Amino acid sequence: MIALGLEYDGAPWYGWQTQAVGIPTVQAQLETALAKISDGGAAPVTAAGRTDTGVHAALQVVHFQPKVVRPLTAWVRGVNSHLHESIAVRWAVEVGDDFHARFSAVSRRYTYWLIDRDARPGLNAGRVGWTHLPMNVEAMHDGAQALVGTHDFSAFRAAQCQAKSPVKTMHAISVKRVGDYIRIDVHANAFLHHMVRNIVGALVYIGAGKIPAAQIKHFLDNIDRKNVPPTFAPDGLYLCGIEYPPQFALPESYVDTSP
């Protein structure tokens, strides 16, 4: 079995997961490229996580069972030669049959980049989130700390989420200003559909002074999505880390990113 590390710009794609014929997704593009290296043999892939439309990945991990024997370089440079320029394979390694890109992962990391200024971004359009309201970053960070720990995250879950349980463990979350940008780092064992974007939406309301920092705990306790601020834009969201047990010895578990 082969594991691949990928990076991609999510703006041109309707998310990770293959959908109806004719809808461009990252998974469909990758499987088409893998089939060309496999002499037309189908090579369905399984990913560590399903990113939404417009969400980027600095590190996505997938696995597949190749239909033919190829050197590892073929699964990198060969596959990249057939991929859209917004998607690239970073590395390829052989893994045992006990490896599973999704179920073997023990944690995941996301970064959200936000800019707060009067004018919308041009150079980084689609790469950063934007609000015209000035943000109180300290209040955002303080409010976010209520999310750390094991909680029912139903208040931050999309209605169409298919996860079996809304209970997840948030290992850490931080909000800080980096130059002209605000960086939100989130680390958890797993995430619900739209969970990070819903958290960002609530933090932006805190930063703008629309709700107090303590409101985050109230949202958690009430587990009611209807009372939480709207889902924020996908533009600034990056999947940037997938952690696995050390026995799998993958080349990297985290890739830092910046706009």
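**Entry 1. The nonpolar cores**

I take a nonpolar core to be a set of buried Ala, Val, Leu, Ile, Met, Phe, Trp, Tyr and Cys residues joined through side-chain atoms within 4.5 Å. The model I examined is a predicted one. I looked up its largest nonpolar core and found 82 residues in it. Leu4 and Phe156 are the residues with the most contacts inside this core. I then asked which element supplies the largest share of the core. It is helix 4, residues 195-207, with eight residues. I also noted a second, separate core of five residues, among them Trp113, Ile115, Tyr181 and Tyr238.

I next listed the contacts of Leu4, setting aside neighbours within four places in sequence. Leu4 is in contact with Leu30, Leu34, Gln60, Val61, Val62, Phe64, Trp75, Val89, Trp91 and Ala92.

**Entry 2. Helix 1 against helix 2**

I turned to the pair formed by helix 1 (residues 26-37) and helix 2 (residues 72-80). Two packed helices are described by the angle between their axes and the distance between the axes. For this pair I recorded axes that come within 9 Å and cross at roughly 115°. The crossing of helix 1 past helix 2 is right-handed. On the side of helix 1 the contact is made by Leu30, Ala33, Leu34 and Ile37, and on the side of helix 2 by Ala74, Trp75, Gly78 and Val79. Sorted by class, the contact has seven nonpolar residues, one polar residue and no charged residues. I noted that Leu30, Leu34 and Trp75 of this contact also appear among the residues touched by Leu4.

**Entry 3. Salt bridges**

Side chains of opposite charge can pair when their charged atoms come close. I counted nine salt bridges in the model and examined several of them.

The side chains of Asp52 and Arg197 meet at 3.9 Å, N to O. Asp52 sits in the loop between strand 2 (46-47) and strand 3 (56-64), and Arg197 in helix 4, so this pair ties together parts that are 145 residues apart in sequence. Are the two partners buried or exposed? Both Asp52 and Arg197 are buried.

Arg90 and Glu252 meet in a salt bridge of 2.7 Å, N to O. Arg90 belongs to strand 4 (residues 87-94) and Glu252 to the segment after strand 10 (237-243), so the pair ties together parts that are 162 residues apart in sequence. Arg90, at 33% relative accessibility, counts as partly exposed. Glu252, at 19%, counts as buried, because the cut-off for buried is under 20%. I also found that Glu7, Arg90 and Glu252 are linked in a network of salt bridges.

The third pair is Asp221 with Lys217, whose closest N and O atoms are 2.9 Å apart. Both residues lie in helix 5 (residues 215-222), four residues apart, so about one helical turn separates them. Asp221 is exposed, at 53% relative accessibility, whereas Lys217 is partly exposed, at 47%.

**Entry 4. Two buried positions**

I looked up Leu192 and placed it in the loop between strand 9 (181-188) and helix 4. Its relative accessible area is 5%, so Leu192 is buried. Beyond residues up to four places away in sequence, Leu192 touches Phe153, Arg157, Cys161, Ala163, Ser165, Pro166 and Lys168. I recorded 11 Å between the C-alpha atoms of Leu192 and Thr51, which are 141 residues apart along the chain.

Ile206 lies in helix 4, and at 3% relative accessibility Ile206 counts as buried. Leaving aside neighbours within four places in sequence, Ile206 is in contact with Ala139, Met140, Gly143, Ile211, Pro212, Ala213 and Ile216. The C-alpha atoms of Ile206 and Glu138, 68 residues apart along the chain, are separated by 9.8 Å.

**Entry 5. Positive phi outside glycine**

I closed with backbone angles. Ile223 is not a glycine, yet its phi is positive, at about 40°. I located Ile223 in the loop between helix 5 and strand 10. Its relative accessible area of 43% makes Ile223 partly exposed.

Ala249, likewise not a glycine, has a positive phi of about 50°. Ala249 is found in the segment after strand 10. At 58% relative accessibility, Ala249 counts as exposed.

Definitions and conventions
Residues numbered from 1 in each chain as written. Predicted model: local features only at pLDDT ≥ 70, side-chain atom pairs only at ≥ 80, totals over all residues. Heavy atoms only, no water. Axes fitted to C-alpha atoms, helices over the stretch in contact; angles between N-to-C directions. Left-handed = near helix turned anticlockwise from the far one by under 90°. Contact = heavy atoms within 4.5 Å. Nonpolar A, V, L, I, M, F, W, Y, C, P; charged D, E, K, R; others polar. Buried < 20%, exposed > 50% of the residue type's maximum accessible area, 1.4 Å probe, protein only. Salt bridge = Lys/Arg side-chain N within 4 Å of Asp/Glu carboxyl O.
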